[in-house]
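User: I'd like to go through this model with you and ask how each label was earned. Could you set the values against the definitions as we go?

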Amino acid sequence: AIGPQPGGPEKAPVVQYYWVQSQSYPPAYVWIARTWRTSRTPRRLHNDVHNDRSMRDARDARASDGPQLAMGMMVAPFNLAKRWLVRSTMLSGGPVQRGEVVFRFVIGLEALPRGESDQLRGEAANYSDVLLLEQALDGKSVAMPCSCIEKVHGWYTYALRRWPAARWYAKTEDDTYVNLRQLLADLHSLRRLPAVYYGLMNACAMPPLAAARHTPSGYAGCWMGEFESAAPESLRHWPRGQPRKCHGGAPAPFATGPLDVQAAEVARAVFETCSYTRRFMEVGRAENRRAGNCAKRRGTSRATTFASTSCDCTVGHWIGQCRLNLTVADMTWTKGHHYLHRAGGLGWVAPSAASIAVHYLKQHDGPSGPNGSRYGEWLHTHAASSASARPAFPPLLWRFEQPPLAAQQYRGDDLDLSAADAGELRVPPPRLTEMQPEVQPRGNREAAERQPRG
């Protein structure tokens, strides 16, 4: 069992052993012990960490009046065991202990049974890392996109108020392990660039408010590919090849769900100053609460609710409609990928020291991982990610700029709401400029497939 059990005394820590390959040269196999209270590895696995200059710079560059990074993890309310696992592994390292990273488990209380919400309030009273959103839908009876969009918006809004001096704001999910030390090093390398949006980047477009509410597919968006493949060309030639339902929305980049990181100026523009985001949430929340909406059952009309779209694309939609210009930083498949305990490819690879966001860790409690043990895949990822700090492939960078719109379509910081709501707006293609023209995107995926296997 991980952590103290509800209603009983604290139990002794459980030790899990893993037979993993170190990232030192020559390769050497070592035993690694993991407990929920402490974490120790052989000294040889940490040599690269102490010698890595970017890691040292990132650690020393903490803000004097705030954290480097505020991160929220969107979690299932009922998954107490997973929260204990995250606390004892991902959050047990230096960045959290030194105050460089502040972290919260984000849970919505609305629509939860009384007993479950009371239990969560008790957990929040005992642990400062739980954020309960009173007015966000959550729970097994709610469609996931409805819950996710409301919680993501609630998290960023809260974090901007709670830590106004933070340099970066981020969200992740409870099936994702984030290597915080490596993430801070990557972000530190981007600190001098304006308006950075970081993650495993894709692009999409969504119909705006009233247009979405009057189409059978609702808010359903149009995916335009990854930044390592089709997205740059899809954005440059917008709206060629895209369904007509999306033509009224502004195409924009978005980070996939496992890790979304926004520079403070980007997060503040989207979640504090942009009137389109506020209107979108007001309208959507009202629709979500209509009888039968956002319920996980057949026969209910969900086209006018957030259930008709994806959480990740919605963030990109806000960026597009708010007319933001960005530095897009694609972490690439070398650092953001799905979990596989053995050799794989096409985004499914074993975790390594280069991994920053390892996704699809779905076995929250049962046997998994290379030795089929309880919490095996998560603990395997923790051991592999903690092994060393070898230099990783740098983020791919683009400058994303949205051209000015006609005066009657543009008002201050966002799209004219009346034109957007009526579906009359035709958005021109954005300007997308490669900031590292000498870097070939295909090299990243090839590098990801060559990552050492745990």
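**Labels and their cut-offs**

User: Tyr219 and Phe306 are both buried. What makes a residue buried, partly exposed or exposed?

Analyst: Buried means under 20% relative accessible area, exposed means over 50%, and partly exposed is in between, using a 1.4 Å probe and protein chains only. Tyr219 and Phe306 are both buried, so each falls under 20%. A word on the basis: this is a predicted model, where local features need pLDDT of at least 70, side-chain atom pairs need pLDDT 80 or more, and totals for chains, interfaces and linings use all residues. Residues are numbered from 1 along each chain as its sequence is written, and side-chain values use heavy atoms, without hydrogens and water.

User: How many aromatic pairs are there, and why is the one between Tyr219 and Phe306 called edge-to-face?

Analyst: There are 15 aromatic pairs. Tyr219 and Phe306 have ring centres 6.0 Å apart and planes at 65°. Rings of Phe, Tyr and Trp (its six-membered ring) pair if their centres lie within 6.5 Å; planes under 30 degrees apart are stacked, over 60 edge-to-face, and the rest tilted. Both values meet those limits, so the pair is edge-to-face. Tyr219 is in the loop between α8 and β10 and Phe306 in the loop between α11 and α12, so the contact ties together parts 87 residues apart in sequence.

User: What makes Phe227 and Trp398 a pair of that kind?

Analyst: Their centres are 4.9 Å apart and their planes meet at 70°, which makes them edge-to-face. Phe227 sits in the loop between β10 and α9, and Trp398 in strand β18, 171 residues away. Both are buried.

User: How do you know that Arg87 lies over the face of Tyr127?

Analyst: A charge sits over a ring if NZ of Lys or CZ of Arg is within 6 Å of the ring centre and within 35 degrees of the ring normal. Arg87 is at 4.6 Å from the centre of the Tyr127 ring, so the distance condition is met. Likewise, the charged end of Lys140 sits over Phe78, 4.6 Å from the ring centre.

User: Why is helix α7 described as largely enclosed?

Analyst: In α7 (residues 180-188), 8 of the 9 residues are buried, so the helix is largely enclosed by the rest of the structure. Among the buried ones are Leu180, Asp186 and His188. As for the word helix, helices (H or I, at least four residues) and strands (E, at least two) are DSSP runs numbered from the N terminus, so the 9 residues of α7 are enough.
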